[in-house]
Amino acid sequence: MGNSSKDDSANSADASPGDVPSSDSRIYSAGEKVLAYHGPRIYEAKVQKAEIRKNEWKYFVHYLGWNKNWDEWVGESRLMKNTDENIEKQHALDKKQGVDKNVRSGRSAQAKAKSSTEAKVDKEEIKNNVSKGKKRKNDSGVEKGSGNAEKLIKIQIPAPLKKQLVDDWEFVNQQDKLVKLPRSPTVEEILSKYLEYKSKKDGVATDSTREVLKGIRLYFDKALPMMLLYKKERKQCSEAVGDNASPSTIYGAEHLLRLFVKLPELLSYVNIEDETLNRLQLKLLDFLKFLQKNQSTFFLSSYGVKVSDGKGKGKDQ
């Protein structure tokens, strides 16, 4: 699935305050299998329950084959009946996006067994997986034969940042707009601001916090060109990031947030003790809360550079 989605509460604008839909006006019922838009694609889903919220029907759906962490409330505009015609529409969209049927339903294809689960990941495999839009492959979160499913770290991205991810996708892929580079603040500057924040809050910045921030930066610099860019952003990246430049000194919060979607998969390849893994998870969640707290400062409200503008000389809005 795409990096996560909206609550769709904005869709309630068409209903007047006193215009409450009747109980028999709902289109979908609990237990019904449907097709649901999530980010740029359409997924098989099942309606768990239906309620009237803000004068319109909302449906709590589970995406079939995906971890229950992705369950969410959506409006009718996000759903379609599971008909042959709509399934063809789903297939056509997936074909356009370059996604195979196993990824679409959440079931991964059988992967070749790796010789080890050390921190080094086969770069070509990661690149191929990301180019197909792969995310969590099944309920355990890791494709068979790749990584450690038992130690998959769970990163709960706050709802406002999930919406940020969806807006980010729409700006690039629907509106053909990119962020202007270099960003301000950069990833490097955001990490420094967090360190300063922790020092003031706790009286001291622990060595473990410094190590986590160092790790985030290293992962970002390595992952950005391979798995954090949309196709339309690659030309801009090749022009903006020189041979001796680090992406963390050029890109900002928008691309940093994308890293947190990929981190569970990346960290599954690292041999980490359970206790250390739990501490790491808490620190990553705290950092995400820091991003959310400073969302209006760190993130752009809109992107001001057209894709055709190349490197991104344009006015941010």
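Let's start with two strands: β3, covering residues 56-63, runs antiparallel to β4 and is joined to it by four bridges. Keep in mind that this is a predicted model. From that strand pair we can move out to the whole sheet, and then on to the nonpolar cores.

**The sheet**
- Within the β3 and β4 pairing, Lys58 sits opposite Gly75 of β4.
- The pair belongs to an open sheet of five strands, ordered β4-β3-β2-β1-β5 and paired antiparallel.
- β4 (72-75) and β5 (79-81) are the edge strands; each has a single partner strand, so one side of each has no neighbour in the sheet.
- On average, neighbouring strands here are turned by 50 degrees against each other, with direction ignored.

**The largest nonpolar core**
- This core holds 53 residues, and the ones touching the most other members are Ile216, Tyr251, Leu256, Leu259, Phe260, Leu284 and Phe287.
- Six helices turn up as elements giving it two or more residues: α4 (159-173), α5 (187-202), α6 (207-227), α7 (234-240), α8 (253-267) and α9 (274-293).
- The biggest giver is α8, with nine residues.
- Take Leu284 as an example: leaving out residues up to four places away in sequence, Leu284 touches Ile153, Ile155, Val212, Ile216, Phe260, Leu263 and Leu267.

**A second core**
- Apart from the 53-residue core lies another one, made of 15 residues.
- Among the members of this other core are Tyr28, Ala45, Trp70 and Leu79.

Conventions. Residues numbered from 1 in each chain as written. Predicted model: local features only at pLDDT ≥ 70, side-chain atom pairs only at ≥ 80, totals over all residues. Heavy atoms only, no water. Pairing = 2+ DSSP bridges. Axes fitted to C-alpha atoms, helices over the stretch in contact; angles between N-to-C directions. Core = buried A, V, L, I, M, F, W, Y, C linked by side-chain atoms within 4.5 Å. Buried < 20%, exposed > 50% of the residue type's maximum accessible area, 1.4 Å probe, protein only. Contact = heavy atoms within 4.5 Å.
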